[in-house]
Amino acid sequence: MEESGPAVIGSRQSDLNKSFKLAIRSLLTTCSKEEFGKAFDRFSSSEQNSLHRLFIQVITSLHENIENEFESLCLETQVGAALDTVEQFMEEQSLDPLFSEKTNVMDVVCDLTTAKKNEICYLTCMLERVEEQNRLRKARLELLKKGRQDFSGMTEVVEKLRSGIAYYGTYNNGFHDPELMG
């Protein structure tokens with residue numbers, strides 16, 4: 001049962017959160033307007049500005065969604081409690097000078113088996129999360145495609161965007177996602 005007071009985050013959980021945020025921040029860094037303009041040089045300045053604003057909105061939304069999903073996943077899988085247990089175990093272990101002499105091989109095997117089962121569970125959850133994100137991206141693309149039909153004059157802009165992305169991905173060794181192209 002959960003406590004109703006404010007949650008106290010252990011140092012391991014805090015380190016995990018900081019590491020995760022640093023990792024996604026570096027992965028989801030927006031490019032400068034100048035870089036964006038170079039990638040889409042076939043577009044007018046107005047179109048480039050609109051596309052850059054849209055790109056920033058998508059990156060910002062994606063960043064928030066990933067952070068929220070990570071926090072939700074950590075809560076669902078009780079990562080904080082597990083890390084607190086590990087932290088407490090490590091503290092107890094460091095306080096017990098005879099710990100290494102008391103270690104039983106079967107206990108180590110059991111602990112290793114449990115750790116591997118937990119890792120499999122974690123990886124399975126991560127895979128499910130990624131599959132769900134892919135499903136949401138496909139759904140979002142479908143909504144965008146349906147919305148595109150409402151903008152009869154936007155067909156040319158979309159085609160320019162696709163060719164610009166293909167050009168950028170092919171010739172600048174950039175990120176190339178076939179789902180975004182098709």
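1. Quick bit of vocabulary to start: helices here are DSSP runs of H or I with at least four residues, and strands are E runs of at least two. On that basis the chain has eight helices and zero strands, so along the sequence the pattern reads α-α-α-α-α-α-α-α. Keep in mind that this is a predicted model.

2. On confidence: the mean pLDDT of the chain is 77, with 73% of the residues at 70 or more. Helix H3 (residues 45-76) comes out highest with a mean of 87, while helix H8 (residues 178-181) sits lowest at 50. Then there is the stretch of residues 1-6, where pLDDT is below 50. Apart from near neighbours in sequence, residues 1-6 make zero contacts in the model.

3. Some whole-chain numbers. Of the 182 residues, 19% are buried. The accessible surface is about 14,100 Å², and carbon and sulfur atoms hold 58% of that. If you take the contacts with a separation of 6 or more, 73% of them link residues 24 or more positions apart.

4. Helix H1 (residues 11-27) passes a simple geometry check. With 17 residues at 1.5 Å a residue, H1 should span 24 Å, and its end C-alpha atoms are indeed 24 Å apart, so the two agree.

5. Which residues of H1 are buried? They are Gln13, Phe20 and Ile24. These cover an arc of only 25 degrees around the axis, which means they sit on the same side of H1. On the other side of H1, you'll find Lys18, Leu22 and Ser26 exposed.

6. Two of those buried H1 residues, Phe20 and Ile24, turn up again in the largest nonpolar core. That core has nine residues, the others being Leu28, Ile59, Ile66, Phe70, Cys74, Val79 and Leu83. H1, H3 and helix H4 (79-95) each put in at least two residues, and H3 gives the most, with four.

7. For a closer look at one member of this core, pick isoleucine 24. Setting aside neighbours within four places in sequence, isoleucine 24 is in contact with His63, Ile66 and Glu67. Of these partners, Ile66 is itself listed in the nine-residue core.

8. Don't overlook the second core, which is separate and has five residues. Among them are Phe36, Ala39, Phe40 and Phe43.

Methods: Residues numbered from 1 in each chain as written. Predicted model: local features only at pLDDT ≥ 70, side-chain atom pairs only at ≥ 80, totals over all residues. Heavy atoms only, no water. Expected span 1.5 Å × (residues − 1). Buried < 20%, exposed > 50% of the residue type's maximum accessible area, 1.4 Å probe, protein only. Arc of directions from axis to C-beta. Contact = heavy atoms within 4.5 Å. Areas by Shrake-Rupley, 256 points an atom, 1.4 Å probe, with all protein chains shown as cover. pLDDT = per-residue confidence, 0-100. Core = buried A, V, L, I, M, F, W, Y, C linked by side-chain atoms within 4.5 Å.
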